[in-house]
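Subject: Structure handover

Hi,

Here is the structure for you to look over. My notes come right after it.

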Amino acid sequence: MYRYDDYDRALVRERVAQFRDQVQRRLSDELSEEEFLPLRLQNGLYLQKHAYMLRVAIPYGTLSSGQMRILAWIAREHDRGYGHFTTRQNIQFNWVELARVPDILERLADVEMHAIQTSGNCVRNITTEAFAGVAADEFLDPRPLAEILRQWSTVNPEFLFLPRKFKIALCAAEEDRAAVMMHDIGLYLRRAEDGELRLKVLVGGGLGRTPMLGQVIRDDLPWWHLLSYVEAILRVYNRHGRRDNKYKARIKILVKALGIEAFSREVEEEWQHLRDGEAQLTLDEYQRVAAAFDPPVYAPSDDLAFGTALAADAAFARWVSRNVRPHRVPGYASVVLSTKPGAEAPPGDATAEQMERVADWAERFGFGEIRVAHEQNLVLPDVRKADLHALWREACAAGLGTPNQGLLTDIIACPGGDFCALANAKSIPIAQGIQQRFEDLDYLHDLGDLSLNISGCMNACGHHHIGNIGILGVDKNGSEWYQITLGGAQGTKSALGKVIGPSFSAAEVPDVIEALVQTYVEQRGAGERFVETVERIGLEPFKARVYRQAEVPA
Amino acid sequence: MKNLIRLRDGVAELAPHDPWTLLREVPDELPDGNFILPLKDWLALSSGRSELAREQSAPETPELVGSRASSLLQNAGVWLAPEDDPEDLIWRLKEPALIAIDFPSFRDGRGYSLAYLLRSRLGWRGELRAVGDVLRDQLAHLRQCGFDAFAVREDKSVEDALKGLAGLSVLYGRSVIEPRPLFRRRT
């Protein structure tokens, strides 16, 4: 894992002191709320429905057991005993007090963490996949470049007041598990035929009110141009992105207005001035950062006990089939700890006790490292197969052993109207209603891969557009309704879901989901996944079923 | 302008007797003084003078207008709005006494990029002044982007704003005043 050096430590400490002073000036009214707003946002602090919410950065979703324990401490001391892991691989605490935030940040700084730029109109947390460095299909570990980008974008003085937020994601594996195409800048790292690392650069992706997938602006950018190219894109965006309307301010709107060719010409022209300059990355720097991500020393592992347990314990085998993923080192696996046990806990939430248990397991069964997946689950990247059964039993006891990774109940959901000041509708009760309806594990496993994403408003924090089934909360004359989309997908075959028709009340949603799923079960071909059936037969059979059903009085 | 902070050899000082007046609009009749003019007016004046210089021999040229424009320009600065293009100044960078960049709101970050372009690409070495909604908590970012004068919003305490200039000691990336990213500065 990356460890701070003196520069990193100094920056985070000074930033805490700076923010402590700003909070003080706000509390004494020296700073108006309007002046304070962007300052607190760039330190991760939102004002939500009930209280301030603090979003702590987990760079590219990687954290150590020690850091996880501090998050547990914050949950216990400053929140109501839990935290919420987000789709940007961060964590947020919903019940913090403004005056105590500097102390929380101080405590985070002790373990090399911060909340810098987790909000605001600036470059946000750089994300990559949860299995970086261990995935069997990886070309290269994406974390060194993600860390280099993190540093470069942190308190970069020219780009702190962009037209709107700016999200960058990086993927370096065969399968895209980082939702790269829905980012303002998406980066696919590849080793080219000549052996050089090259980047495919996408620009203008994003969800929100006007969802769009990123378009390719560069197919073959040598890795050492990463920073200068991103700088060129940001400068063009900073100067020309719209600022008159918050909903048209993301870079995707600029790219669409200019067209990708014209936008790309602007960027290339800007980049010509930068490409061979000081921003060019050096091999020394890459190696310095990459050394921090050197793989741990893996020990040979005997799979015999694992095989025996698989054969003897069907529930364990079921969990393994969904929540255990191949590792590039034989004898090891990566484990997904589901934060979606069902109706008893909102998706992405973990209690302080759960966080501490995960930290313990990371040390006992791995090398002290934990990941946050953008699907809001936790990942233990390096577990010996021989230890899987023991881990699974403990995970089940702690409520983190639900065997539903990638299944219908592995719901991505934003905090929604229960917490968020922006939401039009609640998300959590909708998720719970669906999870209750689909409690039967045999049925769930039979349905197979099916992503269901819920957002409480157009801002799309729950990524509803790229769920195979998407649910969007909308406000109609002061009451909460839910619009359903079908056919969304993440990954290299990303697609935006299409709306099936008029929206539904909260009470109707589980029935609607059931009707959609039954349509799939009736229509699917052998081995065909839900999203493939939707693609093959189109929306009509689903619509017919859902709306015919809706017309029949209960 | 009131509430001005200026950097002299990198050291900040208050400039209580700043002679400049920023004109958001240029009246028909200008009194004597030092004015910072909007880009389009400044350009009109500047190109007017060159035309006049070329036509100096023409009998119908009113001598008075020529010298008036000339003296006005000698005492003129130019200010850029966020949507202005600094490239418009590319052939005239010897002329303005100072360049100001306006921040209609401190949340409008375009001025940072304009400053970068003026300093790093166009090579402006004279005074670069931030005007408008200029506040303590942004001064360090402005300084790093090449501003060396800061007209702090007039309802704020300029002494207080001085504290905002230092900012953080670490800059990972690069900026106008530190063009090398940290990875090239590490020892």
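What follows is a short tour, from the whole of one chain down to a single residue.

Please keep in mind that this is a predicted model.

Chain A overall

Chain A has 18 helices and 19 strands. Its radius of gyration is 23 Å, against 24 Å from the globule rule for 554 residues, so chain A is as compact as a globular protein of that length. Along the principal axes, the C-alpha atoms of chain A fill a box of roughly 60 × 60 × 55 Å. Of the 554 residues in chain A, 56% are buried. Take the contacts in chain A with a separation of 6 or more: 68% of them link residues 24 or more positions apart.

Domains

The domain assignment splits chain A into four entries: domain 1 (6–110), domain 2 (143–291), domain 3 (304–397) and domain 4 (412–551). The centres of domain 3 and domain 4 of chain A, taken over C-alpha atoms, are separated by 27 Å. Domain 3 of chain A puts seven residues into the contact, and domain 4 of chain A puts in ten. On the domain 3 side, the classes are three nonpolar, two polar and two charged residues.

A sheet in chain A

Strands 15 to 19 of chain A form an open sheet of five strands, in the order 15-16-17-18-19. The pairing is mixed. Strand 15 (412–413) and strand 19 (498–499) of chain A are the edge strands, and each pairs on one side only. How do strand 18 and strand 19 of chain A run relative to each other, parallel or antiparallel? They run antiparallel, with two bridges joining strand 18 (residues 479–486) to strand 19. Thr485(A) has its bridge partner in strand 19 of chain A: Val499(A).

Helix 2 of chain A

Helix 2 of chain A covers residues 33–41. Its buried residues include Glu35(A), Phe36(A), Leu39(A) and Arg40(A). Why do they count as lying on the same side of helix 2 of chain A? Because they cover an arc of only 120° around the axis. The face turned away from that buried side carries Glu33(A) and Glu34(A), which are exposed. What do the buried residues of helix 2 of chain A pack against? They pack against helix 1 (6–27) and strand 1 (45–47) of chain A.

Where the chains meet

The contact between the chains takes 29 residues from chain A and 26 residues from chain B. On the chain A side, the elements giving two or more residues are helix 1, helix 2, helix 5 (143–153) and helix 6 (226–240). Helix 1 of chain A gives the largest share, seven residues. By class, the chain A side has twelve nonpolar, eight polar and nine charged residues.

One residue in chain B

Gln144(B) is worth a look. It lies in helix 4 (residues 139–144) of chain B. Is Gln144(B) buried or exposed? With 24 other C-beta atoms within 10 Å, Gln144(B) is buried, because the cut-off is 20 or more. Leaving out residues up to four places away in sequence, Gln144(B) touches Leu171(B), Ser175(B), Val176(B) and Ile177(B). It also touches Pro157(A), a residue of chain A. Gln144(B) and Tyr116(B) are 28 residues apart in sequence, and their C-alpha atoms are 9.3 Å apart in space.

Best wishes

Notes:
Residues are numbered from 1 along each chain as its sequence is written. Chains are lettered from A and ligands numbered from 1 in the order in which they are written. This is a predicted model: local features need pLDDT of at least 70, side-chain atom pairs count only at pLDDT 80 or more; totals for chains, interfaces and linings use all residues. Helices (H or I, at least four residues) and strands (E, at least two) are DSSP runs, numbered from the N terminus. A residue is buried if 20 or more other C-beta atoms lie within 10 Å of its own, exposed if 12 or fewer, and partly exposed in between; C-beta atoms are placed from the backbone. Two residues are in contact if their C-beta atoms, placed from the backbone, lie within 7 Å. Domain bounds come from an automatic or database domain assignment. Ala, Val, Leu, Ile, Met, Phe, Trp, Tyr, Cys and Pro count as nonpolar, Asp, Glu, Lys and Arg as charged, and the others, Gly among them, as polar. The arc is that of the directions from the helix axis to the C-beta atoms. The radius of gyration is taken over C-alpha atoms; the globule rule is 2.2 Å times the number of residues to the power 0.38. Two strands pair if DSSP finds at least two bridges between them.
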